[in-house]
Amino acid sequence: MIDISLKRDEDNAQLIFESLNSTGVDLTEADKIRNFVLMDQPADRQEEYYNNYWHRIEEDPRYEDNEYHVSEFIRNYLTFKLKKVPTMGKVYSFFKAYVEREKLDIEVILQDLTKYAGYEKQIRDAEIPSQKVNDILKRLAVLDVNVTRPFILPLFDYWHEGNISADQVAAVLTSIESYIFRRLIRGMQSNGLNKLFATLFSDSKRHVGLEKDYVEIINYLLLSKSESSRFPTDGEFVENIETRDAYNLRQQTKYYLFDRLENQDSLERVNVIEGMQEGRFTIEHIMPQTLSATWKKELGNGYQEIYDRWDNHLANLTLTAYNSSYSNKSFHEKKTAEYGFDHS
């Protein structure tokens, strides 16, 4: 611990703090922002601001490295405010420049951050007074696409201000979900999505009041994108879902895909994702990955062509808790055995 005396009107405490820290363990962006908003305040106001605002922003017992998550939240906050995405290592400098350029009162910015941090927790926990919205938030969480957050945060504020209904929010999130999943199945790069979701909410506000439903506005904006940001068509999706190597998709995408195939909107749900994560459910190749003599005989002379066409594709995959008992048995044995496909 060191004790340094400074003259308030002559020395820049924040700059000295940053310079000293650069020689030690790096602070997170959230650490630097916390010091920026609190350091110049009188001691009693520092305590007041910390307890009333900052503590509520960073409090989340689920994360051991919660300062990183606060940094990520503030990055998302700045993204929709600035309509561009700060790099993770420059969140503090972007925040400082934003506050100074807009001449924002520190308590006002803390109040705004606290409000949006509340939305952030609602989104992450999927604890909204609307089951429809919660269900979609959970599915988006499975897809692990935080790139959408700079749009969803102001969308929630727009909703809480009474401008749209819960059903409209659910419909908008469903469109986002479809957009993201179709692109994943098509194998499209996500590079351009940062910019899209940084400006999607502000773009939508320009169309409000033109006698269009808000859901229609979002759908119009998504469908109007071109090239790397475009919305895959039904035909493209059908082609890719049939021909894509589904077995080697990203793990989160497989969780989502098999959960939706099993459950869709059924009230009798099977916890597919937890089962896959714990290894109780595994993906079974109906036609095995290694063809036995029996399989080659049953498939006929064109067995190699059939194998190459269908091996890892969705039509040859199913979810089971009995993968080890199936092995590479014949189709008839897999179908009729105890716990076989007939009983699945």
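The second largest pocket holds about 360 Å³ of space. Please keep in mind that this is a predicted model. The lining of this pocket comes from 14 residues, and those nearest its centre are Phe-181, Phe-237, Tyr-256, Arg-260 and Gln-264.

Which helices supply that lining? At least two residues each come from H9, from helix H12, residues 234-243, and from H13. The biggest share is that of H9, which gives 5 residues. Sorted by class, the lining has 7 nonpolar, 3 polar and 4 charged residues.

Now the largest pocket. The space in it is about 510 Å³. It has 19 lining residues, and Lys-138, Arg-139, Asp-259, Arg-269 and Ile-273 are the closest to its centre. Three helices give two or more residues to this lining: H7, which is 131-143, H13, which is 251-263, and H14, which is 272-277. By class, you will find 7 charged residues here, with 6 polar and 6 nonpolar. If you are following on the screen, note that H13 takes part in lining the largest pocket and also in lining the second largest pocket.

Let me stay with H7 for a moment and pick out one residue. Asn-134 is part of this helix. Is Asn-134 buried or exposed? Its relative accessible area is 5%, and the cut-off for buried is under 20%, so Asn-134 counts as buried. What does Asn-134 touch, apart from neighbours within four places in sequence? The contacts are Ala-126, Glu-127 and Ile-128.

The last stop is helix H11, residues 214-223. Six names to find on the structure: Tyr-214, Val-215, Ile-217, Ile-218, Leu-221 and Leu-222 are buried in this helix. Why are they on the same side of H11? Because the arc they cover around the axis is only 160°. As general background, an α-helix has 3.6 residues a turn, so residues three or four places apart point the same way.

What do the buried residues of H11 pack against? Their partners are helix H8, at 149-160, helix H9, at 166-186, and helix H10, at 193-205. H9 we have met already, as the helix that gives the most to the lining of the second largest pocket.

One detail remains, at the start of H11. There, Asp-213 has a side-chain oxygen that comes within 2.9 Å of the backbone nitrogen of Val-215. Val-215 is also one of the buried residues of the helix.

That is all from me.

Terms used:
Residues numbered from 1 in each chain as written. Predicted model: local features only at pLDDT ≥ 70, side-chain atom pairs only at ≥ 80, totals over all residues. Heavy atoms only, no water. Buried < 20%, exposed > 50% of the residue type's maximum accessible area, 1.4 Å probe, protein only. Helix = DSSP H or I, 4+ residues; strand = E, 2+ residues; numbered from the N terminus. Arc of directions from axis to C-beta. Contact = heavy atoms within 4.5 Å. Polar contact = N/O pair within 3.5 Å; in protein donor to acceptor, adjacent residues only side chain to side chain. 1 Å grid on protein atoms, 1.4 Å probe; cavity = no way out; pocket = protein on both sides within 12 Å on 5 of 7 lines; lining within 4 Å. Points joined across faces, edges and corners; volume = space filled by probe spheres on them. Nonpolar A, V, L, I, M, F, W, Y, C, P; charged D, E, K, R; others polar.
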